[in-house]
Amino acid sequence: MLKLTLAPNAVTGQHWVNLLSIAGIPCELHNRYLNGALGEIPADQCAPELWLVDERDEALARKIIEAAISGPPAGSLPWRCAKCGETLEAQFTQCWQCGASRSLDEQ
Ligand SMILES: [Zn+2]
């Protein structure tokens with residue numbers, strides 16, 4: 001087991017677990033306060049820890065998490081080029097067919 005990173009909150013942590021699972025990387029979400037006395041700590045301050053079952057997956061797992069943090073939000077919709085009408089995936093900022101930049105109006 002290898003502790004990969006801390007998630008900012010449980011929802012994000014669960015999202016990362018889902019992404020890694022899709023990539024075939026076994027992982028678990030641990031709460032660092034779960035094993036101790038929970039006491040007066042509010043639930044939203046218990047940052048979940050993302051653990052890899054197999055530490056050999058670390059490099060790939062870090063790439064996936066980085067992409068999840070810096071990439072477009074999950075569920076981004078494809079967009080249509082205003083100039084030529086080509087449909088493009090959300091991660092592209094420019095039309096591959098005519099070179100037009102993605103207009104903010106099209107988002
Ligand atoms: Zn175009």
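Me: Which residues of helix α1 are buried?

Reply: Burial is read from relative accessible area: buried means under 20%, exposed over 50%, and partly exposed in between, with a 1.4 Å probe and protein chains only. In this predicted model, local features need pLDDT of at least 70, side-chain atom pairs count only at pLDDT 80 or more, and totals for chains, interfaces and linings use all residues. Residues are numbered from 1 along each chain as its sequence is written, and side-chain values use heavy atoms, leaving out hydrogens and water. The buried residues of α1 are Gly13, Trp16, Val17 and Leu20.

Me: Why do these residues lie on the same side of α1?

Reply: An α-helix has 3.6 residues a turn, so residues three or four places apart point the same way. The buried residues of α1 cover an arc of only 105 degrees around the axis, which puts them on the same side; the arc is that of the directions from the helix axis to the C-beta atoms. On the other side of α1, Val11 and Ile22 are exposed.

Me: What covers the buried residues of α1?

Reply: Contact means heavy atoms within 4.5 Å. Helices (H or I, at least four residues) and strands (E, at least two) are DSSP runs, numbered from the N terminus. The cover includes β1, β2, β3 and α2.

Me: How are the three strands ordered in the sheet?

Reply: Two strands pair if DSSP finds at least two bridges between them. Here the open sheet has the order β1-β3-β2, with antiparallel pairing. Its edge strands, β1 (2-6) and β2 (27-31), each pair on one side only.
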